[in-house]
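Work through these exercises with the structure open beside you. Try each task before you read its solution.

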Amino acid sequence: MRQVKFRSHTPGFKPRRTKLDVPGWGGQREPRKDGSMEQAWHCLPFSEGARYGIELFYPHENELRVTVAGGKLSLDGDFGPRPEGHGGEWPPFRTFGDLYYTYQLALDLKVEEGFAIRTEPHPRFYTDPTNTTPIAVPALIRRWWPMVYFLVFKSPPEGGVHIFRPGEPFVQILILPEEAEFDLVPMSDNEAAEREMQSRRIYESRATLSAETEWTSATNTVFDGTYRHILGAATGKAKRRP
């Protein structure tokens with residue numbers, strides 16, 4: 001089991017493995033049955049992707065609203081006086097032109113040799129119907145850099161707003177290999193034929209693989225458990241390997 005070690009200069013600011021909140025930003029507890037409204041957690045690839053990283057929660061007691069009006073970026077939040085012993089910028093937010101803004105994070109994440117951290121929007125950004133979730137700009141930070149000093153966020157559109165609320169997750173961090181060492185090459189004829197055969201077998205076996213799991217949502221979209229069943233079988237097979 002790999003370890004990611006952390007230290008923070010912000011009181012009460014602790015990262016955790018990302019959780020898919022249901023009910024919450026991941027959707028409501030709608031069962032997989034006819035007439036249910038489809039939810040983000042119904043999609044297993046999204047659920048696995050959402051839980052893959054580390055999430056950070058807004059640690060301050062006040063709300064911050066980020067707006068753009070007349071092309072001008074504005075940060076509206078009462079942070080009060082500088083906390084005792086706080087050595088960084090205060091307030092911790094700064095405009096970065098009018099297209100971006102920054103948040104002084106001062107968080108150290110130490111990953112193992114050969115790995116790096118990547119910041120990205122929290123997965124609730126993709127499920128938020130209000131479009132108020134902050135949009136973290138992706139960045140790859142290598143192991144030898146000892147501190148994430150600040151995060152950069154994309155400004156909302158004209159008339160829009162991003163809201164940082166106490167206790168809400170606002171960014172996700174992934175642990176990735178430091179170098180993307182791969183070449184993108186076309187499949188050989190044999191590999192392509194094998195993949196095509198796999199695809200056809202799944203298609204032809206779908207009625208069996210999805211037995212008793214098919215349902216039609218409130219928007220008349222048909223879902224089934226084919227992917228979930230294959231994943232379960234593949235995971236079980238991997239665990240049985242010596």
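**Exercise 1. A salt bridge across the chain**

Is glutamate 112 buried, partly exposed or exposed, and what is its relative accessible area? Then find its salt-bridge partner and place both residues in the chain.

Solution.

Step 1. Keep in mind that this is a predicted model.

Step 2. The relative accessible area of glutamate 112 is 28%, so this residue is partly exposed. The partly exposed class lies between under 20% for buried and over 50% for exposed.

Step 3. The partner is arginine 2, and the closest N and O atoms of the salt bridge are 2.9 Å apart.

Step 4. Arginine 2 has a relative accessible area of 55%, so it is exposed.

Step 5. Now place the two residues. Arginine 2 belongs to the segment before β1 (5-8), while glutamate 112 sits in the loop between β7 (100-110) and β8. The pair therefore ties together parts that are 110 residues apart in sequence.

Step 6. For the wider count, a search of the whole structure finds 11 salt bridges.

**Exercise 2. The sheet of five strands**

In what order do the five strands of the open sheet stand? Which strands are at its edges?

Solution.

Step 1. The order is β2-β3-β13-β8-β10, and the strands pair in the antiparallel sense.

Step 2. The edges are β2 (16-17) and β10 (139-142). Each has a single partner strand, so one side of each has no neighbour in the sheet.

Step 3. Look at β8, residues 115-120. Four bridges pair this strand with β10 in the antiparallel sense. Alanine 116 faces arginine 142 of β10, and isoleucine 117 has isoleucine 141 of β10 as its bridge partner.

Step 4. Turn to strand β13, residues 169-177. Six bridges join β13 to β8, again antiparallel. Here phenylalanine 115 stands opposite proline 177.

Step 5. Check burial. Of the six residues of β8, five are buried, so the strand is largely enclosed by the rest of the structure.

**Exercise 3. From the edge strand to a loop**

Which residue meets the side chain of arginine 142 in a salt bridge?

Solution.

Step 1. The partner is glutamate 179, at 2.8 Å from N to O.

Step 2. The pair links distant parts of the chain. Arginine 142 is in strand β10, glutamate 179 is in the loop between β13 and α2 (189-204), and they are 37 residues apart.

Step 3. Compare the classes. Arginine 142 is partly exposed at 29% relative accessible area. Glutamate 179 is partly exposed too, at 42%.

**Exercise 4. The sheet of three strands**

What is the strand order of the open three-stranded sheet? How many bridges join β4 to β5?

Solution.

Step 1. The order is β5-β4-β12, with antiparallel pairing.

Step 2. β5 (72-76) and β12 (161-164) are the edge strands, each pairing on one side only.

Step 3. From one strand to the next, the twist averages 15 degrees.

Step 4. Strand β4, residues 64-69, is joined to β5 by five bridges. One example is arginine 65, whose bridge partner in β5 is aspartate 76.

**Exercise 5. A salt-bridge network**

Which residues join arginine 165 in one network of salt bridges?

Solution.

Step 1. Start with one pair. The side chains of arginine 165 and glutamate 168 form a salt bridge, 3.5 Å from N to O.

Step 2. Both ends are partly exposed: arginine 165 at 28%, glutamate 168 at 22%.

Step 3. Salt bridges with shared partners join Glu63, Arg65, Arg124, Arg165 and Glu168 into one network.

**Exercise 6. Aromatic pairs**

How many aromatic pairs does a search of the whole structure find? Why is the pair of tyrosine 103 and phenylalanine 170 classed as it is?

Solution.

Step 1. The search finds 18 aromatic pairs.

Step 2. Take phenylalanine 79 and tryptophan 90. Their pair is edge-to-face, with 5.7 Å centre to centre and 85 degrees between the planes. Phenylalanine 79 and tryptophan 90 are both buried.

Step 3. Next, tyrosine 103 and phenylalanine 170. The ring centres are 5.6 Å apart and the planes stand at 65 degrees, so this pair is edge-to-face. The cut-off for that class is over 60 degrees.

Step 4. Tyrosine 103 lies in strand β7 and phenylalanine 170 in strand β13, 67 residues apart. Tyrosine 103 is buried at 0%, and phenylalanine 170 is buried at 1%.

Step 5. One aromatic cluster includes Phe79, Trp90, Tyr103 and Phe170.

Technical notes. Residues are numbered from 1 along each chain as its sequence is written. This is a predicted model: local features need pLDDT of at least 70, side-chain atom pairs count only at pLDDT 80 or more; totals for chains, interfaces and linings use all residues. Side-chain values use heavy atoms; hydrogens and water are left out. Two strands pair if DSSP finds at least two bridges between them. Helices (H or I, at least four residues) and strands (E, at least two) are DSSP runs, numbered from the N terminus. Buried means under 20% relative accessible area, exposed over 50%, partly exposed in between (1.4 Å probe, protein chains only). Axes are lines fitted to C-alpha atoms, for helices over the stretch in contact, and angles run from 0 to 180 degrees between N-to-C directions. A salt bridge is a side-chain nitrogen of Lys or Arg within 4 Å of a carboxyl oxygen of Asp or Glu. Rings of Phe, Tyr and Trp (its six-membered ring) pair if their centres lie within 6.5 Å; planes under 30 degrees apart count as stacked, over 60 as edge-to-face and the rest as tilted.
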